[in-house]
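Colleague: I would like to learn how to read a protein model step by step. Could we go through one together, with the general idea before each case?

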Protein chains: 2
Amino acid sequence: MADALQDFYAVIPAGGVGSRLWPLSRADAPKFLHDLTGSGHSLLRDTWERLAPLAGEDRIAVVTGRAHRAAVEAQLPGIPDRNVFLESEPRDSAAAIGLAAAILHRREPDVIIGSFAADHVIRGTRVFEFAVRDAVAVAREGYISTIGITPSEPAIGFGYIQRGGELIVDGARDASLVDRFVEKPDLETAKAYVADRSYLWNAGMFISRADVLLAEIEANNPALHAGLMELAEAWDDRDRRGPVVDRVWPTLPKIAIDYVVAEPAAEKGKLAVVPGHFDWDDVGDFASLAKLNSGGRKNDLAILGENARILSDAASGIVVSHTTRVISLIGVKDIVVVDTPDALLVTTSENAQRVKGVVDALKLTGRGDVL
Amino acid sequence: MADALQDFYAVIPAGGVGSRLWPLSRADAPKFLHDLTGSGHSLLRDTWERLAPLAGEDRIAVVTGRAHRAAVEAQLPGIPDRNVFLESEPRDSAAAIGLAAAILHRREPDVIIGSFAADHVIRGTRVFEFAVRDAVAVAREGYISTIGITPSEPAIGFGYIQRGGELIVDGARDASLVDRFVEKPDLETAKAYVADRSYLWNAGMFISRADVLLAEIEANNPALHAGLMELAEAWDDRDRRGPVVDRVWPTLPKIAIDYVVAEPAAEKGKLAVVPGHFDWDDVGDFASLAKLNSGGRKNDLAILGENARILSDAASGIVVSHTTRVISLIGVKDIVVVDTPDALLVTTSENAQRVKGVVDALKLTGRGDVL
């Protein structure tokens with residue numbers, strides 16, 4: 001593999017609890033801090049290691065909540081202090097990625113940034129690297145580029161990106177303009193998308209020159225842009241940063257980057273897509289986690305947890321063990337069991353999306369101590 | 001209700017872990033020490049209270065393992081020391097009930113004893129009392145009597161007793177000789193039994209003059225009888241009891257009272273049965289426990305556990321909570337969840353009988369710490 005890209009900075013937004021993975025994911029132990037693949041490392045650490053060959057270890061920034069600072073630094077020992085951007089509260093992805101773009105643009109006006117969620121799973125690191133290099137080449141030409149995953153099945157849990165006209169860019173083997181973004185489809189539509197071959201999964205990866213990204217934010221949400229500029233201007237001044245964050249950050253519009261950047265840019269013909277021929281999953285719920293860890297074998301019981309003591313008889317699905325208890329499963333199919341010291345979840349793959357409802361109910365009934 | 005019966009002594013054999021109720025039942029917390037009905041009392045205590053009006057509080061003996069002495073005394077505060085018969089190891093029901101018969105016969109030659117398992121559930125105490133009084137009246141005539149439960153359904157988990165010729169006995173409204181005992185039938189046979197109306201469930205209750213019971217043991221198993229006599233002769237001598245128990249008890253044949261007393265007596269026309277028109281269950285597994293606690297409503301989730309913190313969404317079955325953890329069940333039907341500090345069981349009613357296999361597997365794989 002080639003050397004790191006000299007003009008590239010990787011940004012990892014590490015936010016989002018992952019409510020559908022409760023009681024594994026918690027406010028104080030969000031999804032990105034967990035090892036969900038049995039790799040021995042957290043998803044955040046896996047993400048960082050995937051990006052290091054592309055950006056260089058010193059050019060990976062993490063945007064996260066103040067509350068997670070210690071945990072993030074424990075996962076990424078040696079991360080330069082200047083690469084940890086702390087939010088005082090969650091303000092969604094446009095603010096998080098925009099903040100990184102604004103700070104890095106002040107430090108390095110021509111920088112190209114690529115943002116990659118801290119809690120996704122990718123298999124096929126080499127293929128991923130090639131896709132990012134292609135996307136960076138496209139971004140150098142002034143496009144905002146994204147990596148669209150070639151679908152392995154008609155998934156209904158992801159949004160799709162429709163490829164448009166081919167883009168010929170030096171250093172990129174395969175790139176297109178984006179025709180449009182589509183929200184999560186129903187199964188029939190998803191099947192048609194997969195058959196069509198021009199649709200790719202939207203994995204939320206954006207690669208762009210920082211100045212291009214900021215211009216797009218300015219065009220579509222001037223208030224957000226102004227706030228980000230004010231934050232960036234004060235950021236590297238130790239005395240001024242804190243007060244400005246406290247004052248400005250909570251006022252920023254809460255909006256996803258898709259609406260502020262990706263969709264408007266697509267309409268203007270400024271959004272490019274590079275296909276990613278690697279395995280990708282956002283591990284959105286326990287059904288997805290079960291599939292990921294069973295290698296797709298329907299009758300297997302996937303086990304997550306370093307010290308798991310499991311006894312199973314004719315059981316399939318997934319068991320996550322975060323205690324030292326003996327867990328015995330008998331004759332339960334497609335089961336989901338998540339065992340933590342203060343909360344236990346028992347459901348099935350089919351009901352995995354309903355976990356968020358439990359989290360909401362726990363909040364409403366005053367049992368937030370286990371969230 | 002009438003006064004206590006003057007010539008009657010109740011005996012409660014309190015043995016048997018209840019392996020099919022693991023991890024609720026354990027070697028050090030056997031089934032009879034648990035509250036399985038939400039009554040607020042252990043099954044042992046419920047049994048004792050059911051018998052007190054019949055025998056009087058001072059005339060109820062408990063036969064149990066040495067290891068359970070403290071727990072039994074905690075459940076039955078004020079039980080006279082002379083009414084606790086301690087086994088040095090389990091030797092099955094013939095030895096346990098035979099020991100009580102031998103000791104009580106020495107103390108009171110004409111005594112009638114009735115033995116009632118410590119871990120069964122009965123609803124309809126008044127009807128139960130009438131049945132026992134009938135059975136005692138029959139026993140006074142020299143019969144060994146049992147109470148057969150009128151079946152509420154074609155159960156395949158219980159043995160059956162076939163009624164024979166009617167017995168006319170003063171003080172007993174309804175009694176018959178026993179034609180035969182039959183083992184657990186298949187469903188077709190069970191249906192035929194219930195339709196026939198001459199078949200009753202064998203609840204393992206035996207009421208008899210102590211001397212008649214001992215004579216039956218002597219006739220059918222002289223070795224057991226000899227051992228029991230030796231034990232009884234030394235029992236009420238504090239200095240001699242311990243050494244004799246240590247020497248003799250472990251040598252007693254391990255055999256169920258059904259084979260040593262009930263079946264041979266039935267063949268000789270010496271076994272009588274009184275029908276019991278009350279709800280009875282031996283709570284043999286979690287399916288039975290679920291049914292017992294849901295009032296038979298198929299779509300209900302039964303909850304056992306004083307401090308249970310349960311959140312359920314479209315779940316049915318039973319959850320037993322012996323921790324303070326929040327337990328969330330989503331979309332699981334006929335589920336069985338048993339949550340204890342060191343072991344968790346997840347299965348379904350359909351698989352309830354397989355729990356014993358897990359216990360065996362835990363023994364074999366060196367995880368006996370949770371048994």
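Colleague: Let me start with a single residue: is Val283(A) buried or exposed?

Modeller: Please keep in mind throughout that this is a predicted model. A residue is called buried when its relative accessible area is under 20%, and exposed when that value is over 50%. Val283(A) has a relative accessible area of 0%, so it counts as buried. Its place in the chain is the loop between strand E11 (279-281) and helix H10 (286-294) of chain A, and its phi is near 45 degrees, which is a positive value in a residue other than glycine.

Colleague: Which value does phi take in Arg197(A), and is that residue buried or exposed?

Modeller: The phi of Arg197(A) is near 70 degrees, again a positive value in a residue other than glycine. With the cut-off for exposed residues at over 50%, Arg197(A) counts as exposed because its relative accessibility is 70%. Arg197(A) sits in the loop that runs between helix H5 (187-196) and strand E9 (199-209) of chain A.

Colleague: Where is there a cis peptide bond in chain A?

Modeller: For a peptide bond, the angle to read is omega. In chain A the bond that joins Trp22(A) and Pro23(A) is cis, with omega at about 5 degrees, and Pro23(A) lies in the loop between strand E1 (8-14) and helix H1 (43-55). Turning to chain B, the peptide bond from Trp22(B) to Pro23(B) is cis as well, with omega near 5 degrees, and Pro23(B) is placed in the loop between strand E1 (8-14) and helix H1 (43-55) of that chain.

Colleague: Which residues does Val261(A) touch, if we leave out those up to four places away in sequence?

Modeller: Here the idea is to look past the neighbours along the chain and ask what lies around a residue in space. Val261(A), which is part of helix H9 (residues 257-267) of chain A, touches Ile144(A), Leu213(A), Glu216(A) and Ile217(A). Its relative accessible area is 1%, so Val261(A) is buried. The C-alpha atoms of Val261(A) and Ala94(A) are separated by 8.0 Å, although these two residues are 167 residues apart along the chain.

Colleague: How many helices and strands does chain A have, and how should I read the chain as a whole?

Modeller: Chain A has 11 helices and 17 strands. Its radius of gyration is 21 Å, close to the 21 Å that the globule rule gives for 371 residues, so chain A is as compact as a globular protein of that length. Along its principal axes, the C-alpha trace of chain A spans about 60 × 50 × 40 Å, and buried residues make up 55% of the 371 residues. If we take the contacts in chain A between residues at least 6 apart in sequence, 67% of them join residues at least 24 apart.

Colleague: How many residues of chain A are in contact with chain B?

Modeller: An interface can be read both by counting residues and by adding up the area that is buried. By the count, 36 residues of chain A are in contact with 36 residues of chain B. By area, about 2800 Å² is buried between chain A and chain B, and carbon and sulfur atoms give 59% of this. Of the area that chain A buries against chain B, Arg325(A), Ile330(A) and Leu344(A) supply 24%, more than any other three residues.

Methods
Residues are numbered from 1 along each chain as its sequence is written. Chains are lettered from A and ligands numbered from 1 in the order in which they are written. This is a predicted model: local features need pLDDT of at least 70, side-chain atom pairs count only at pLDDT 80 or more; totals for chains, interfaces and linings use all residues. Side-chain values use heavy atoms; hydrogens and water are left out. Helices (H or I, at least four residues) and strands (E, at least two) are DSSP runs, numbered from the N terminus. The radius of gyration is taken over C-alpha atoms; the globule rule is 2.2 Å times the number of residues to the power 0.38. Buried means under 20% relative accessible area, exposed over 50%, partly exposed in between (1.4 Å probe, protein chains only). Contact means heavy atoms within 4.5 Å. Buried area is the accessible area (1.4 Å probe) that two parts lose on being put together, summed over both.
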